[in-house]
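Biologist: I have a model open and want to learn to read it. Where do we start?

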Amino acid sequence: MPSSQSGHPADVVGLTVPPDRFGSPSPLAPVNRRAALRLAGGGVFAVAAVGALAACGTDDKPSAPDPLIAQETAARTDAAAATAAIATSPDKAGALQTIATQRTAHADALRTEIDRAIGVYGDGSTPSRRIPPVIPTAPVPPPPVATLRTQLQQSQRSAADLATQLSGYRAGLLASISASCATHAGVLLA
């Protein structure tokens with residue numbers, strides 16, 4: 001084997017490459033050790049980068065639905081029921097309107113938190129996985145006040161139970177909603 005000191009450009013690290021048919025060294029001439037190490041290092045980096053990008057792009061398991069969605073649905077349903085109940089109990093119209101207004105505010109606060117958790121793009125638009133707010137229909141026939149009171153008590157218990165499972169702002173929001181529902185059922189509709 002010829003030595004790498006022969007001066008021929010194709011002789012690198014003791015390997016010879018036969019010239020092509022025009023007498024020029026082959027374009028696939030071997031590379032020296034330094035270039036080989038650079039290529040290997042670049043290859044390792046490329047494999048790591050592709051692996052990292054692939055890991056970021058795949059979502060093997062879909063995320064669980066936000067637990068606040070059920071609370072938002074209950075709040076909007078309670079608001080619609082309170083508005084409908086005004087027809088059956090005009091003597092409690094003021095209290096029922098207050099309940100409808102406050103339960104709508106609860107639903108809006110819950111929707112704001114759901115959207116915040118999903119995120120908002122810089123231009124103000126939301127990701128495609130955003131779940132639209134619930135739009136309940138008014139119950140037919142309008143519920144009596146006793147039915148609305150029971151419904152509000154269920155909403156109160158549900159919000160309190162979920163508040164104990166969550167933490168931070170979400171727990172505080174649900175505790176506040178629970179207390180408000182207790183006031184609606186126990187004071188305004190008493």
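Modeller: Start with the surface. The model is predicted. The protein chain has an accessible surface of about 11,800 Å². Carbon and sulfur atoms hold 62% of that area.

Biologist: What share of the residues of the protein chain counts as buried?

Modeller: Buried means under 20% relative accessible area. By that cut-off, 29% of the 190 residues are buried.

Biologist: Next, the fold. How many helices and strands does the protein chain have?

Modeller: Five helices and zero strands. Along the sequence, the pattern reads α-α-α-α-α.

Biologist: And the contacts?

Modeller: Look at sequence separation. Take the contacts in the protein chain with a separation of 6 or more. Residues 24 or more positions apart account for 66% of them.

Biologist: Let us take one helix. How far does helix H3 reach from its first C-alpha to its last?

Modeller: Compare the span with the expected one, at 1.5 Å a residue. H3 covers residues 93-118, which is 26 residues. It reaches 37 Å, close to the expected 38 Å. Just after H3, Gly119 takes a positive phi of about 110°.

Biologist: Which residues of H3 are buried?

Modeller: First the general idea. An α-helix has 3.6 residues a turn, so residues three or four places apart point the same way. Now the case here. The buried residues of H3 are Ala95, Leu96, Ile99, Ala100, Arg103, His106, Ala107, Leu110, Arg111, Glu113, Ile114 and Asp115.

Biologist: What covers the buried residues of H3?

Modeller: The cover includes helix H2 (68-85), helix H4 (145-165) and helix H5 (168-188).

Biologist: Glu113 is on that list. Why does Glu113 count as buried?

Modeller: Check its relative accessible area against the cut-off. Glu113, in helix H3, is buried because its relative accessible area is 4%, and the cut-off is under 20%. Then check its partners. Beyond its neighbours within four places in sequence, Glu113 contacts Leu68, Tyr169, Arg170 and Leu173.

Biologist: Now helix H5. Is Ala185, which lies there, buried or exposed?

Modeller: Buried. Ala185 has 4% relative accessibility, so it falls under the 20% cut-off.

Biologist: Which residues does Ala185 touch, not counting residues up to four places away in sequence?

Modeller: Arg149, Leu152, Gln153 and Ala190. C-alpha distances add another view. Ala185 and Gln151 are 34 residues apart along the chain. Their C-alpha atoms are separated by 8.6 Å.

Terms used. Residues numbered from 1 in each chain as written. Predicted model: local features only at pLDDT ≥ 70, side-chain atom pairs only at ≥ 80, totals over all residues. Heavy atoms only, no water. Helix = DSSP H or I, 4+ residues; strand = E, 2+ residues; numbered from the N terminus. Expected span 1.5 Å × (residues − 1). Buried < 20%, exposed > 50% of the residue type's maximum accessible area, 1.4 Å probe, protein only. Contact = heavy atoms within 4.5 Å. Areas by Shrake-Rupley, 256 points an atom, 1.4 Å probe, with all protein chains shown as cover.
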